[in-house]
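Thanks, everyone. I'll keep this brief, and the structure goes up now.

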Amino acid sequence: MQFDKYRGKGIKLKDKNYKFKCIKCGYETEEELTFCPKCKGLMQIVYTDFKWSIDSNTPSIWRYKSMLPETQKIVTLNEGLTPIKRINGILSKLETNNPTGVYTDRASSLLLSVFNNKTIETSYEEDFTISLSHYAKKAGIKLKVKVVPDQADPQDLIVINKLGSEISFSEKNYKYGLVYENPYTIEGLKTISYEIYETKPKADKIYVPAQSGILVYAIAKGFQELKELRNDFKDYEIIAVKLRHTDLPEILKYSKYKIKISEVSSKEALESIIELSKKGLNLKPLASVAYSMAKIEGDGIAIITGKRRFYLSETVKITKLRRDIMNLFSDNRKRTAYEIWNDLGKYSLKGIYKSLVMMVNNGELCEDFMLRGQRKIKVYWKCND
């Protein structure tokens, strides 16, 4: 893909503090490229001037703006700053807490902040396209999605269409336009490493699901940057976890970063899915493998990538709960879900959350993130008419 197709009249690369370098053969250039012109390896961004700086008042990946590619705008749904919690004794970083429920929100935010065009073309990729559609709507960008009919989840296509993206079908199975595998995706995903460094949990290992390998590579890149920048950086053993009998992702075959490869059986993955479902996490087998390996080895953080979907409701049934919530917001205060539950005093917290999702999707309530101390919280308020 030629990035300048989406750049428009943006910042010239010569004014930037980074270059593009092939992960496989080391070829360097100032030209924005997805893949190396020599060996076809994936390119990554390397910085020539790089300093650690955090905007502590920003509750998203953009708190690390100085360590990300320069942009003329920021398109954000307040992705990132996902919590690390113990689930059945296992430290777990819950990427399910991102705005659309998947870690690719980090990539979508950066990608649509970098590119300036009013229209962007892409091919359907599970999770990534859903995420990209939400961010495209936020940015006012028209997303054109090519879909191979027998490879798409019909429910995904309904959501993508409702978000304003344009769908067309193709029998050809090939990557088209803006794809998940690109240098800016790596930059967005590496912010997971920065958050772990900020939090400083007591752990020695990071367990990461390995499908394409981009996520674990990005986390390794983030830690390497921290190692070069911070004297107090504590090194972690990074473990890419895959399902047994599946192929090793291509990027991990020639990665220069130290990444250990481990695998779990389908049985172990399914057992973890059942275990995690009891905690309210609806996962795919691959999303559970990091948790499975963390249970086996211990002393580490499992990256939980998740599979949470937003299906926009056509109508919301008027209920007493919904009326009570709207009446509560007549004072124009912003509240968390917990504060709403506490103020009403007669509904379940689960019911409050379910109603809030529907009301936000229907434009009755607005939501955003803010910081209270070091904690990222979501608040709601009545949207202006």
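A word on confidence before anything else. pLDDT is the predictor's confidence in each residue, on a scale from 0 to 100. That matters here, as this is a predicted model. The protein chain averages a pLDDT of 88. At least 70 is reached by 92% of the residues.

Where are the extremes? Confidence is highest in helix α5, residues 183–189, at 98. It is lowest in helix α1, residues 4–7, at a mean of 51. Over residues 7–12 the pLDDT drops below 50. That stretch still has 18 contacts in the model beyond near neighbours in sequence. A further stretch, residues 309–318, also stays under 50. There the model has 26 contacts beyond four places in sequence. Where pLDDT is low, the predicted coordinates should not be read in detail. Please keep that in mind for both stretches.

Now the second largest pocket. Its volume is about 720 Å³. Its lining comprises 31 residues. Which of them lie nearest the centre? E125, E126, K175, Y180 and Q211 do. Three elements give two or more residues to this lining: strand β7 at 142–147, helix α7 at 214–229 and helix α10 at 285–297. What is the make-up by class? The lining has 13 nonpolar residues, 10 polar and 8 charged.

Y180 comes up again with T104. T104 sits in the loop between β5, residues 90–94, and α2, residues 105–114. Is T104 buried or exposed? Buried, because its relative accessibility is 2%, and the cut-off for buried is under 20%. Beyond four places in sequence, T104 contacts D127, F128, S131 and Y180. So T104 touches one of the residues nearest the pocket centre, Y180.

Next, two elements that are largely enclosed.

Take strand β3, residues 43–47. Of its 5 residues, 4 are buried, so the rest of the structure largely encloses it. Its partner is strand β1, residues 18–22. The two pair in the antiparallel sense, over 5 bridges. Within that pairing, F20 has I45 of β3 as its bridge partner.

Then helix α6, residues 191–199. Here 7 of the 9 residues are buried, so this helix too is largely enclosed by the rest of the structure. Which ones are buried? T191, I192, S193, Y194, E195, I196 and Y197. An α-helix has 3.6 residues a turn, so residues three or four places apart point the same way. In α6, the buried residues run from T191 through to Y197.

After α6 comes K200, and its phi is positive, near 55 degrees. Most residues other than glycine have a negative phi. Two further cases are worth a look. L81 has a positive phi near 50 degrees. L81 lies in the loop between β3 and β4, the latter at 84–87. D299 has a positive phi of about 60 degrees, and is not a glycine either. D299 is in the loop between α10 and β12, residues 300–304. Its relative accessible area is 46%, so D299 counts as partly exposed.

Last, E31. Where is E31? In the loop between β2, residues 28–29, and β3. E31 is partly exposed, with a relative accessible area of 44%. Its C-alpha atom is 44 Å from that of L365. Along the chain, E31 and L365 are 334 residues apart.

That's my tour. Over to you.

Conventions
Residues are numbered from 1 along each chain as its sequence is written. This is a predicted model: local features need pLDDT of at least 70, side-chain atom pairs count only at pLDDT 80 or more; totals for chains, interfaces and linings use all residues. Side-chain values use heavy atoms; hydrogens and water are left out. On a 1 Å grid over the protein atoms alone, a cavity is a set of points where a 1.4 Å probe fits but cannot get out, and a pocket is an open set with protein on both sides within 12 Å along at least five of seven lines; lining residues have an atom within 4 Å of a point. Grid points are joined across faces, edges and corners, and a volume is the space filled by probe spheres set on the points. Ala, Val, Leu, Ile, Met, Phe, Trp, Tyr, Cys and Pro count as nonpolar, Asp, Glu, Lys and Arg as charged, and the others, Gly among them, as polar. Buried means under 20% relative accessible area, exposed over 50%, partly exposed in between (1.4 Å probe, protein chains only). Two strands pair if DSSP finds at least two bridges between them. Contact means heavy atoms within 4.5 Å.
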